[in-house]
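The exercises below ask the reader to work from the displayed model towards a description of its parts. Each task is followed by a solution in steps.

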Amino acid sequence: MDKFMAMEAFVRVVESGTFTKAADALGLPKTAVTRLIQQLESHLRVKLLHRTTRRVTVTPEGMSYYPQALRLLGEVRELESTLSQSKRGPRGRLRVESSGTLSRLLLVPSLPSFYARYPQIHIELGVSDRVVDLLSDNVDCAIRGGGIKDESLVARHLVDLTYGLCASPAYVERHGWPRHPQELAGPTHAVVSYFSSPSGKESPFVLLRDGERLEVHGRSLLTLNETNAYLAAGLSGLGVMFAPRFVLEPYIAKGELVRVLEGWRPEPRPLFLVYPPARQQAAGLRVFIEWVTELFASRPDL
């Protein structure tokens, strides 16, 4: 039995919740993962997992064994990484999740500078506004906005994004200029609304002016849950929208969007890089964290 591979298989099953996902993550047949777990349990003389046709649960012994196995595997990876980096530099696969507009306008255009430093790291970039389960989906890290509710993740603060309020010239021509945020909830005006995929709740416009904080639930004709589609709706004149300043500025410069309610400003939103604690020892993730932190620190326009 390859003891380290068996431990790796066990950790992957616990994190993903299924033998199938663990096998996919390890690049092994499902039967091989099953055999490794059986050999590990036989070697330890304890039952680590309860398996049925529908689900996998961790036994009390497995719960005790898991953090120790995780720590040991992390130390082995760290040792291997330290030795290999001295000769070849970080290498391997890195799975990252990010939103559509952030990926399109900032992350992807900046990646040549990352590959100039680390040409042997292969990034798999998942682009969506969906909040993925990093462990079960085998994701190394994700860039997320707003409050981080999952306390099992490490959250590295990157920046507080500044937002703006805009509409298309065609919208203003049809509906006029809103004079106060509360008009966005009335019959004359409309907003482009954004809803969270996990909760299904629409996000209100939270606006600030001279110490006053106002939360507005605008009248919407269209509600979306993806940032690129949200931007397209605003550009099409379907309502007043709010978005990060770095997203809006190019369209304002070209006259495709105009600022509205200029005395008011949307509440800034924090942006975080989040990752499971066990992954932070991986060399590829460490250098990506450093690079992303530098990238956002170098962008005062955010």
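## Exercise 1: The chain as a whole

Of the 302 residues in the chain, 43% are buried, in a model that is predicted.

**Task.** State how many helices and strands there are in the chain, and what the C-alpha trace spans along its principal axes.

**Solution.** Begin with the secondary structure, where nine helices and 15 strands are found in the chain. Next, take the extent of the C-alpha trace, which spans about 75 × 45 × 35 Å along its principal axes. Turn then to the surface: the chain exposes about 15,700 Å², and carbon and sulfur atoms supply 53% of that area. Finally, consider the contacts between residues at least 6 apart in sequence, of which 75% join residues at least 24 apart.

## Exercise 2: Two helices against α3

**Task.** Determine at what angles α1 and α2 cross α3, and which residues meet there.

**Solution.** The two quantities to look for are given by a general convention: two packed helices are described by the angle between their axes and the distance between the axes.

Step 1. The axis of helix α1 (residues 3–16) comes within 9 Å of that of helix α3 (residues 30–44), and the two cross at roughly 110°. Because angles of 65 to 115 degrees count as roughly perpendicular, α1 is roughly perpendicular to α3.

Step 2. On the α1 side the contact is made by K3, M5, A6, M7, A9, F10 and V13, which meet V33, L36, I37, L40 and H43 in α3. Sorted by class, this contact has ten nonpolar, one polar and one charged residues.

Step 3. For helix α2 (residues 19–26), the axis comes within 8 Å of that of α3, with a crossing angle of roughly 105°, and these two helices are therefore roughly perpendicular to each other as well. Here F19, T20, A23 and L26 of α2 meet K30, V33, T34 and I37 of α3, and the classes are five nonpolar, two polar and one charged residues. V33 and I37 of α3 thus appear in the contact with α1 and again in the contact with α2.

## Exercise 3: The five-stranded sheet and its helices

**Task.** Give the strand order of the open sheet of five strands, explain why one side of β4 and of β6 is left without a neighbour, and describe which helices pack on the sheet.

**Solution.** Step 1. The order in this open sheet is β4-β3-β5-β15-β6, and its pairing is mixed. β4 and β6 (154–161) stand at the edges with a single partner strand each, so one side of each has no neighbour in the sheet. On average, neighbouring strands are turned by 20° against each other, direction ignored.

Step 2. At one edge, β6 pairs with strand β15 (residues 269–275) in the antiparallel sense over seven bridges, and within this pair L161 stands opposite R269 of β15.

Step 3. Helix α5 packs on the sheet, touching β3 (92–98), β4, β5 (141–145) and β15, and its direction makes about 175° with that of β4. Helix α9 (residues 283–297) also packs on the sheet, touching β3, β4, β5, β6 and β15, while its direction makes about 20° with that of β6.

Step 4. α5 packs in addition against helix α7 (residues 227–235), at an angle of about 85° and with the axes 6 Å apart, which makes α5 roughly perpendicular to α7. The residues that meet are G100, T101 and R104 in α5 and T227, N228 and L231 in α7, and by class they are one nonpolar, four polar and one charged.

## Exercise 4: Three loop residues

**Task.** Decide for Y118, R45 and D210 whether each is buried or exposed.

**Solution.** Step 1. Y118 lies in the loop between α5 (100–117) and β4 (121–127). Since buried means under 20% relative accessible area, Y118 counts as buried at 14%. Leaving aside residues up to four places away in sequence, Y118 touches P90, V287 and E290. Y118 and S128, ten residues apart in sequence, are 25 Å apart in space from C-alpha to C-alpha.

Step 2. R45 is placed in the loop between α3 and β1 (49–51) and has a phi near 65°, a positive value in a residue other than glycine. Its relative accessibility of 78% makes R45 exposed.

Step 3. D210, in the loop between β9 (205–209) and β10 (212–216), likewise has a positive phi, of about 50°, although it is not a glycine. With a relative accessible area of 80%, D210 is exposed.

Terms used
Residues are numbered from 1 along each chain as its sequence is written. This is a predicted model: local features need pLDDT of at least 70, side-chain atom pairs count only at pLDDT 80 or more; totals for chains, interfaces and linings use all residues. Side-chain values use heavy atoms; hydrogens and water are left out. Helices (H or I, at least four residues) and strands (E, at least two) are DSSP runs, numbered from the N terminus. Buried means under 20% relative accessible area, exposed over 50%, partly exposed in between (1.4 Å probe, protein chains only). Contact means heavy atoms within 4.5 Å. Axes are lines fitted to C-alpha atoms, for helices over the stretch in contact, and angles run from 0 to 180 degrees between N-to-C directions. Angles under 35 degrees count as roughly parallel, over 145 as roughly antiparallel, 65 to 115 as roughly perpendicular and the rest as oblique. Ala, Val, Leu, Ile, Met, Phe, Trp, Tyr, Cys and Pro count as nonpolar, Asp, Glu, Lys and Arg as charged, and the others, Gly among them, as polar. Two strands pair if DSSP finds at least two bridges between them. Accessible areas come from the Shrake-Rupley method with a 1.4 Å probe; for residues, only the protein chains shown count as cover.
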